[in-house]
Amino acid sequence: MILKEFYNQVQGDYEGTISRLCKEDLVKRFVLKFTNDKSFEELLDTFEKKNYEDAFRAVHTLKGLAVNLGFTKLYEECSVLTESLRNVTSSDVDNKMADIKKMIEDIREEYNKTISLINEIDK
C-alpha cells in the first residue's frame with residue numbers, strides 16, 4: 001500500500017503532514033516508527049493500575065503523536081479521553097468509569113486499525 005492510501009484509510013491528513021514534514025520519505029519513516037511507540041500500552045497499563053495521572057500522560061503523548069503524524073481519527077479519540085482524565089480524581093473516575101472504558105475501547109479500535117494498516121505500507 002502506498003502512503004497516501006494509508007492516510008485515506010485511517011482518515012488522516014496526508015497533505016497537512018507532508019506540508020509539515022516536507023518530504024514523503026520522512027513522513028513514511030516516522031509513520032513506520034509509530035509502531036514502536038509504547039504510549040498506548042502505557043495507557044492501558046497505568047489505567048488498569050488506577051494510576052490516572054500517568055494514564056493521562058500516556059494518552060496525551062499518544063494524542064500528540066497522532067496529531068503530528070496526521071492520524072486525525074486517532075487524535076480525535078485520544079483528545080476526548082485526554083480531557084476526561086485531565087485533573088481527574090479517583091472518585092471522578094469511579095463516576096465516569098463506563099464512559100472512560102468506552103473511550104479506551106474506541107482508542108484501542110482505532111489504534112489497532114492504524115497499526116494494522118501501517119504494516120501494509122510498502123517498505
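Q: In which helix is the place of Glu53?
A: This is a predicted model, in which local features need pLDDT of at least 70, side-chain atom pairs count only at pLDDT 80 or more, and totals for chains, interfaces and linings use all residues. Residues are numbered from 1 along each chain as its sequence is written, and side-chain values use heavy atoms, with hydrogens and water left out. Helices are DSSP runs of H or I with at least four residues, numbered from the N terminus. The run of residues 52-69 holds Glu53, and this run is helix H5.

Q: Is Glu53 buried or exposed?
A: Buried means under 20% relative accessible area, exposed over 50%, and partly exposed in between (1.4 Å probe, protein chains only). Glu53 has 53% relative accessibility, so this residue counts as exposed.

Q: How many disulfides does the structure hold?
A: A disulfide is a pair of cysteine sulfur atoms within 2.5 Å. Cys22 is exposed at a relative accessible area of 61%, whereas Cys78 is buried at 0%. The number of disulfides in the structure is 0.

Q: At which residue does H7 bend?
A: Helix H7 covers residues 90-118, and its end C-alpha atoms are only 36 Å apart, short of the 42 Å of a straight helix at 1.5 Å a residue. That expected span is 1.5 Å times one less than the number of residues. A bend is the angle between axes fitted to the seven residues ending at a residue and the seven starting there. In H7 the bend is about 75 degrees, and its place is Lys96.

Definitions and conventions
Helix = DSSP H or I, 4+ residues; strand = E, 2+ residues; numbered from the N terminus.
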